[in-house]
Amino acid sequence: MMHPEPITIDQQTAQDRVHNQSLLWSGIIAALVACVVPPIIGFSNGSLRGVDLVIYLGAAIGYVGLKSFFWFETPLCTRFRRNPQLLISVVFGLAALMQLISRDFTTQPIAFMVPMVFIAGTYPLPKTLIIAGLIAILMSASFIASGLPLTSAGLSALSSQIVLLLFVTLFGYVTNESVLTRQKVEQLAQELAQERDYLQQLSAITAALSSEVQLARVLAQVAEAGRSLANAQAVTVALLEDQEWRIVASVGSPDSNLQSLEIMLHVKGETIGRLNYWSVQPANAALRQALQPFADAAAMAIYNAQLYEQARFSATLAERNRLARDFHDTLAQQLTGLRLQIEAGIRNLHQPEKAQLRLQKAYDLALAALHDLRRSVWNLSAPAIDGRVLSDVLAELVDTFHQRTNIQSQYSHDGQELTLPSDMAIQVLRVVNEALSNVEKHAQAKHVAIRSIVAAGQLQITVSDDGQGFELAAVQQTASGGFGLTSMRERTQLIQGSLSIQSQPNAGTLLTLCLPL
């Protein structure tokens with residue numbers, strides 16, 4: 001996932017592979033030169049023949065054979081490298097034996113330098129320098145034991161070889177450290193790139209979750225996004241309801257043969273749910289830590305969606321109560337009056353004039369009831385909004401209001417054209433609808449103006465009339481509590497907006513709806 005395994009040979013760069021191959025063949029060639037050139041020179045000048053030559057060749061073959069265990073990747077070589085100290089000691093002993101026999105301090109010392117490259121890449125610098133010092137002592141002892149004269153030329157050659165040994169040791173150490181450092185840098189760059197990709201993916205997922213308010217869709221997105229982030233085979237989302245866990249969304253099929261990981265979902269210190277992952281990856285602390293930011297974002301998205309569902313339910317209940325009160329205050333009373341007038345007319349059939357008066361009143365009540373019924377139906381039915389520009393829908397709403405009520409109505413729009421999401425647009429239209437309904441029922445206005453403005457990252461809609469106005473505090477203290485005003489505020493809260501109302505008796509009313517975009 002976002003925590004890669006250490007870099008393997010297959011993951012090394014081409015430059016590192018070329019370096020390793022070059023180092024390997026350089027070691028092989030150097031070892032062959034150190035083992036082949038001295039006996040050729042010794043045989044040609046007569047200094048190395050007979051038993052000495054046989055012993056030398058045996059030591060050289062053993063030297064090359066043991067060195068091959070460091071060069072090749074085979075099960076046998078790997079087994080011998082488990083005890084490198086013994087192997088290195090034998091190699092250096094054979095090198096000392098070859099130098100003692102050949103008494104060559106020009107080419108033969110190369111046999112000491114080839115293993116030092118391996119040592120420099122295996123041990124820390126202090127231990128490497130100690131070994132190099134011991135090898136220098138061994139070379140000096142071979143020089144003395146070989147019986148060579150301790151002349152200035154001989155000592156100079158020995159000193160040069162010891163200096164070269166130290167140089168090769170330090171060069172091998174620095175080269176190996178540079179390769180290791182580059183590999184660490186490449187691994188760190190790979191980890192940072194994966195961290196960056198993970199954060200970008202997490203940011204996109206969080207943004208998508210934040211823009212969704214439907215609980216079912218949020219849960220489905222959480223399950224799918226969780227599987228994608230964790231590279232899991234299956235993910236389930238469970239919510240805690242009445243102290244019982246209920247699986248509400250899942251992706252894939254959980255398998256008992258897979259590794260499982262459970263992450264709780266917390267909001268404001270309370271547990272609201274849990275995420276369960278099934279994957280071939282081990283469920284370790286690193287994986288849990290990597291997925292925790294997503295779990296936190298998912299918990300908040302689920303919590304907000306639950307609040308939205310509750311708010312929608314409250315708004316629906318409030319709307320039903322408002323309709324019930326509206327029907328009771330208008331239609332029910334009008335129909336009751338209509339029934340009483342008809343009954344009175346029936347009782348006065350023997351008095352035509354009184355019967356006609358009662359029937360006329362019944363007719364008027366029937367017309368009023370029909371008018372109120374039509375208004376209620378108009379309030380409930382909003383224009384189709386899917387995919388339409390908001391200004392066009394508002395213009396249609398205002399025009400319909402004018403034709404139905406004969407109240408002079410004007411609509412204007414400033415700023416760019418705007419198409420809102422369906423859920424948000426419905427709430428906006430319901431608020432404007434309720435405001436116009438209040439103008440019709442209570443304001444006794446002759447003119448109403450509706451204006452929408454898109455600017456500074458927000459939508460502002462105003463509804464103003466020249467009606468009789470009212471005392472806002474007095475309306476809120478009535479039995480209905482300003483039912484229409486309450487409904488408008490609840491709808492505004494659903495879309496994260498704000499609503500303000502300004503009104504004074506005989507001074508009209510101004511309603512302002514602000515919605516961040």
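**Close-up views of a predicted model**

**View 1. A nonpolar surface patch that includes Leu100.** Leu100 is partly exposed, its relative accessible area being 33%. In this predicted model, Leu100 belongs to helix α4. Together with Val51, Ile55 and Leu97, Leu100 makes up a nonpolar patch on the surface, with an area of about 310 Å². Two helices, α2 (51-71) and α4 (84-102), each contribute at least two residues to this nonpolar patch. Leu100 qualifies for the patch because its 33% relative accessible area is over the 30% that a patch residue needs.

**View 2. A positive surface patch around helix α10.** Four residues, Arg347, Lys354, Arg358 and Lys361, gather on the surface as a patch of positive charge. The greatest contribution to the positive patch comes from helix α10 (residues 352-380), which supplies 3 residues. Arg347 is part of helix α9 (residues 285-347). With a relative accessibility of 57%, Arg347 is classed as exposed, because the class begins over 50%.

**View 3. Helix α5 and its buried residues.** Helix α5 spans residues 110-120 and is mostly covered, with 8 of its 11 residues buried. The buried set consists of Ala111, Phe112, Met113, Val114, Pro115, Met116, Ile119 and Ala120. Ala120, one of these buried residues, has its C-alpha atom 8.5 Å from that of Phe171, although 51 residues separate the two along the chain. Phe171 is found in helix α7 (residues 152-210). In contrast to the buried Ala120, Phe171 counts as exposed, at 53% relative accessibility.

**View 4. The salt bridge between Glu262 and Arg274.** The count of salt bridges in the model comes to 7. One of them joins the side chains of Glu262 and Arg274, with an N to O distance of 3.9 Å. Glu262 lies in strand β3 (residues 259-267) and Arg274 in strand β4 (residues 270-279), so this pair ties together parts that are 12 residues apart in sequence. The contact is counted because its 3.9 Å separation falls within the 4 Å limit for a salt bridge. Glu262 is partly exposed, with 37% relative accessible area.

**View 5. The salt bridge between Arg388 and Glu396.** The side chains of Arg388 and Glu396 meet in a salt bridge at 2.9 Å, N to O. Both partners are partly exposed: Arg388 has a relative accessibility of 29%, and Glu396 has one of 35%.

**View 6. The salt bridge between Arg404 and Glu440.** Arg404 pairs with Glu440 in a salt bridge whose closest N and O atoms are 2.8 Å apart. This pair links distant parts of the chain, 36 residues apart, with Arg404 in helix α11 (residues 390-405) and Glu440 in helix α12 (residues 422-443). Arg404 is partly exposed, having a relative accessible area of 22%. Glu440, by contrast, counts as buried at 17% relative accessibility, because residues under 20% are placed in that class.

**View 7. Two buried cysteines, Cys35 and Cys514.** Cys35 is buried, with a relative accessible area of 5%. Cys514 is also buried, at 17%. The count of disulfides in the model comes to 0.

Technical notes: Residues are numbered from 1 along each chain as its sequence is written. This is a predicted model: local features need pLDDT of at least 70, side-chain atom pairs count only at pLDDT 80 or more; totals for chains, interfaces and linings use all residues. Side-chain values use heavy atoms; hydrogens and water are left out. Patches are made of residues with over 30% relative accessible area and no salt bridge: like charges are joined within 9 Å, nonpolar side chains (Val, Leu, Ile, Met, Phe, Trp, Tyr) within 5 Å. Accessible areas come from the Shrake-Rupley method with a 1.4 Å probe; for residues, only the protein chains shown count as cover. Lys and Arg count as positive and Asp and Glu as negative; His and the chain ends are not counted. The place of a charge is taken as NZ of Lys, CZ of Arg, CG of Asp or CD of Glu. Helices (H or I, at least four residues) and strands (E, at least two) are DSSP runs, numbered from the N terminus. Buried means under 20% relative accessible area, exposed over 50%, partly exposed in between (1.4 Å probe, protein chains only). A disulfide is a pair of cysteine sulfur atoms within 2.5 Å.
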